Amino acid sequence: MMPDFDAYLAPYAARMSTSRGRTVNETASATRSEYQRDRDRIIHSTAFRRLEYKTQVFVNHEGDLFRTRLTHSIEVAQIARSLARNLMLNEDLVEAISLAHDLGHTPFGHAGQDALNACMKDYGGFEHNLQSLRVVDTLEQRYGAFDGLNLTFETREGILKHCSLSNAQRLGELGRRFIEKKQPSLEAQLANLADEIAYNNHDIDDGLRSGLLTEQQMDEVSLFARYRAEVERLFPGIGGRRAINETVRRMINALVEDLIKTSLANIHDAGVSSVDEVRDAPPLIGFSEAMKSQAQELKRFLRTNLYQHYLVNRMTSKARRIVTDLFDIFIDGPQLLPSDYQLSGQDTPEQARKVADYIAGMTDRYAMREYRRLFAVDEI
Ligand code: MG
């Protein structure tokens, strides 16, 4: 007998009994809930393993201790599960969404995505969020009965965080909420904010570790300054990695506690008692106004001081060149592509999409190797 996986959930949580199911019907698993099954399919996918060698902020080879897309996704899942349990939301679903949310990322982080989007502008553009959905819906080729992973509607809904109206029109039921301006499940809303909590905090940690940020500079950020002072009070004279970790863990905790408290109050005020009512309500998972403005201050700080640091800009510029040159050489000569990416025509939107799929699937180091193979005269 399988346990009742929905038993601990609040009425407003996503549950198996109200799931909109999978695109292709499948027999239920004898041992796992449908959302556990989604999570397991994601973990076993090729795209998930590639996350290990994809940049979050720092390129993978720059140091062994920086976050990669893989460790980032695991941290998002950890924060999301902890939040979900407190809000009596579906932990398995938030875990599945969190682990899949970055599957469509190109090599070299946002620089790679922006470059590929520019290359694809005459062919419908490129958006990593939509690409994550494309990975789980079609690009993974593992199962006999269908392309992709055939995930549940709720996991797919959570992966598709944002979407243009023209893309929404092409996505059928999944795109409808963008047209009707409705919300996704609370689990989807929560995974989105867990992502923010994770990257804002680990980017501070990585920024300080790399030396691109200094602790003195970080004192401009009120959330950091407050907890750094508390740590100094509790552990006088403490410095280095321990001080940073003690500070960052307090920041994460403050954000998590604020989000739980605010979201519970929002849910209570809205009086929602089913996932369908959640979809019709305004966004209910969120931070208090005070915390929101502190989080924005932190984001602004990171944008100016870390993401636009000249050493990061150098990487960004190189990444742009690699992605753009790869795209151009493949679009001019599709015969250079591995055969399963070649279509008969040339310079068609379909061929361009294949090129984008190929490039987006690359890890940082694979993209660099491919670049050398195609452009370096002394490589064969
Ligand atoms: Mg992310």
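Salt bridges come to 33 in this structure, a salt bridge being a side-chain nitrogen of Lys or Arg within 4 Å of a carboxyl oxygen of Asp or Glu. The model behind that count is predicted, so local features need pLDDT of at least 70 and side-chain atom pairs count only at pLDDT 80 or more, while totals for chains, interfaces and linings use all residues. Residues are numbered from 1 along each chain as its sequence is written, and side-chain values use heavy atoms, with hydrogens and water left out.

One set of these bridges forms a network that links Arg22, Glu26, Glu34, Arg37, Asp38 and Arg41. Within it, Glu26 pairs with Arg37, with the closest N and O atoms 4.0 Å apart. That pair links distant parts of the chain: Glu26 sits in the segment before helix H1 (34-43) and Arg37 in H1 itself, eleven residues apart. Helices here are DSSP runs of H or I with at least four residues, strands are runs of E with at least two, and both are numbered from the N terminus. Glu26 counts as partly exposed because its relative accessibility is 29%, whereas Arg37, at 10%, counts as buried. The cut-offs are under 20% relative accessible area for buried, over 50% for exposed and in between for partly exposed (1.4 Å probe, protein chains only).

A second group of charges centres on Glu91. Arg81 forms a salt bridge with Glu91, the closest N and O atoms being 3.2 Å apart. Here too the pair links distant parts of the chain, with Arg81 in helix H3 and Glu91 in helix H4 (residues 91-100), ten residues apart. Glu91 also meets Arg85 in a salt bridge, at 2.8 Å from N to O. As for exposure, Glu91 is buried at 9% relative accessible area, Arg81 is partly exposed at 33%, and Arg85 is exposed at 55%.

Glu91 is not alone in being tucked away in H4: ten of the ten residues of that helix are buried, so H4 is largely enclosed by the rest of the structure. Among them are Asp92, Leu93, Val94 and Glu95. The cover over these buried residues includes H1, H2, H3, helix H6 (128-139), helix H7 (153-159) and helix H10 (186-210). At the N-terminal end, Asn90 caps H4, with a side-chain oxygen 3.2 Å from the backbone nitrogen of Asp92.

Lys54 is a charged residue of another sort. It lies in the loop between helix H2 (46-50) and helix H3 (69-86). Lys54 is buried yet has no salt bridge, and the nearest side chain of opposite charge, Asp364, is 7.2 Å away. Its side chain does reach the backbone oxygen of Ala360, at 2.6 Å. Leaving out residues up to four places away in sequence, Lys54 touches residues including His105, Pro107, Ala360, Met362 and Asp364, a contact being heavy atoms within 4.5 Å.

As for the fold as a whole, the protein chain has 18 helices and zero strands. Its radius of gyration, taken over C-alpha atoms, is 22 Å, which agrees with the value near 21 Å for a compact globule of 380 residues; that globule rule is 2.2 Å times the number of residues to the power 0.38. Buried residues make up 52% of the chain.

Terms used
Lys and Arg count as positive and Asp and Glu as negative; His and the chain ends are not counted. A polar contact is a pair of N or O atoms within 3.5 Å; within protein, one must be able to donate a hydrogen and the other to accept it, and residues adjacent in sequence count only if both atoms are side-chain atoms.
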